[in-house]
Amino acid sequence: MTIVLVESLDKLDKRKTVMNTETISSFDEIKENKDENFAFVMEATEDNVRSVTNHTDRVFLPSKSLMTFNPAVDCYVYFDLESYPFFQKFKKLMGQLQQSKGVLRFRRTMLEENQALVLSDLYVLSSIFGGLESVHIKQSKRQSGSFHMIMLVNFGKGIMSHIEYTVANEERIELELSGIKSIVEFNSDHMKPIQPESKTSLPLSYSVDDIIASARKVDDNMLKSLHAIRELIERRVSV
């Protein structure tokens with residue numbers, strides 16, 4: 001079955017993509033290709049996302065697409081946070097440590113206010129640490145001209161968390177889990193190249209391979225969980 005990936009093209013790291021790819025502008029340009037190591041890639045415009053409902057290819061959509069419609073085809077969804085290689089390392093360490101209690105500190109700096117991204121992050125974190133048992137949110141007033149959100153979240157597996165979002169002129173993710181005998185930390189700033197001409201990958205980008213490896217098949221449980229988190233956040237927001 002032909003593989004089709006829908007994503008913002010400036011987020012993709014072509015240098016680290018092993019799969020063969022071809023960039024297209026719409027589904028009309030797709031030709032049948034059953035090679036499992038080949039993918040068509042196109043920009044994540046609203047029209048392209050919605051046109052998925054007319055095709056039966058193996059489609060990979062960004063999680064934000066689920067905020068506007070429920071896909072009518074058997075497709076896959078990938079979550080921004082989960083697609084970064086450093087976060088996959090974090091998940092692996094969590095499995096090795098089997099951390100039962102601790103404090104999670106998560107901070108993301110965004111280029112613009114993005115509630116869909118906030119929801120996406122919470123879904124990924126809850127899939128690791130358990131469901132959201134309680135949430136307290138403080139958000140800056142929209143009239144202030146800036147965006148800042150702080151969440152105190154109690155996850156079902158004994159993890160308390162401080163989650164923070166800020167709008168700035170660059171993207172950054174900081175992640176720390178402190179336990180009784182261990183601390184795990186990641187900071188995307190540490191991945192930045194020392195010089196502009198460095199071959200180091202951009203800090204907040206991922207390859208086509210990363211996306212396909214981390215994507216989840218859409219099902220009713222996913223849609224219900226996202227809906228429940230969205231409702232909980234909307235009820236708790238205070239300004």
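This is a short walk through one predicted protein model, from its overall make-up to its sheet and its aromatic rings.

Okay, let's start with the whole thing. The protein has 6 helices and 12 strands. How much of it is buried? Of the 239 residues, 47% are. The accessible surface is about 12800 Å², and carbon and sulfur atoms own 49% of that. One more overall number: take the contacts with a separation of 6 or more, and 66% of them are between residues 24 or more positions apart.

Now, the sheet. Have a look at the six strands that run in the order β7-β8-β9-β6-β10-β11. They make an open sheet, and the pairing is mixed. Which strands sit at the edges? That would be β7, residues 132-139, and β11, residues 183-187, each of which pairs on one side only. On average, neighbouring strands here are turned by 10° against each other, ignoring direction.

Let's go strand by strand from β6, residues 102-110. On one side β6 runs parallel to β9, residues 159-167, with 9 bridges joining the two. If you want a spot to find that on screen, Gly 102 stands opposite Ile 159 in β9. On the other side β6 meets β10, and this time the two run antiparallel, with 7 bridges. Here Arg 108 has Ile 173 of β10 as its bridge partner.

Then β10 carries on to β11, again antiparallel, through 5 bridges. In that pairing Leu 175 stands opposite Phe 186 of β11. And is β10 itself open or enclosed? It's largely enclosed by the rest of the structure, because 5 of its 7 residues, 172-178, are buried.

While we're in the sheet, let me stop at Glu 164, which is in β9. You might ask whether to call this one buried or exposed. Its relative accessibility is 15%, so Glu 164 counts as buried. And what does Glu 164 touch, apart from its neighbours within four places in sequence? Phe 106, Arg 107 and Arg 108, plus His 148, Met 149 and Ile 150. Phe 106 is a nice case: 58 residues away from Glu 164 in sequence, yet the C-alpha atoms are 6.3 Å apart.

Right, on to the rings. The count of aromatic pairs comes to 11. I'll pick two. The pair of Phe 79 and Tyr 123 is stacked, with 4.8 Å between the centres and 15° between the planes. Phe 79 is in the loop between β5 and α2, while Tyr 123 is in helix α4, so to speak a link between distant parts of the chain, 44 residues apart. Phe 79 counts as buried, at 0% relative accessibility, and Tyr 123 does too, at 10%.

The other pair is Phe 90 with Phe 129, and that one is edge-to-face: 6.4 Å centre to centre, 65° between the planes. Phe 90 belongs to helix α3 and Phe 129 to helix α4, so this pair ties together parts that are 39 residues apart in sequence. Both of these rings' residues are buried.

Phe 90 and Phe 129 are also members of an aromatic cluster. Its other members are Tyr 84, Phe 86, Phe 87, Phe 155, Phe 186 and Tyr 206. You've met Phe 186 already, standing opposite Leu 175.

Last stop: Arg 58 and Tyr 76. The charged end of Arg 58 sits over the ring of Tyr 76, 5.3 Å from the ring's centre. That's my tour, thanks.

Notes
Residues numbered from 1 in each chain as written. Predicted model: local features only at pLDDT ≥ 70, side-chain atom pairs only at ≥ 80, totals over all residues. Heavy atoms only, no water. Pairing = 2+ DSSP bridges. Helix = DSSP H or I, 4+ residues; strand = E, 2+ residues; numbered from the N terminus. Axes fitted to C-alpha atoms, helices over the stretch in contact; angles between N-to-C directions. Phe/Tyr/Trp six-rings, centres within 6.5 Å; stacked < 30°, edge-to-face > 60°. Buried < 20%, exposed > 50% of the residue type's maximum accessible area, 1.4 Å probe, protein only. Lys NZ or Arg CZ within 6 Å of the ring centre and 35° of its normal. Contact = heavy atoms within 4.5 Å. Areas by Shrake-Rupley, 256 points an atom, 1.4 Å probe, with all protein chains shown as cover.
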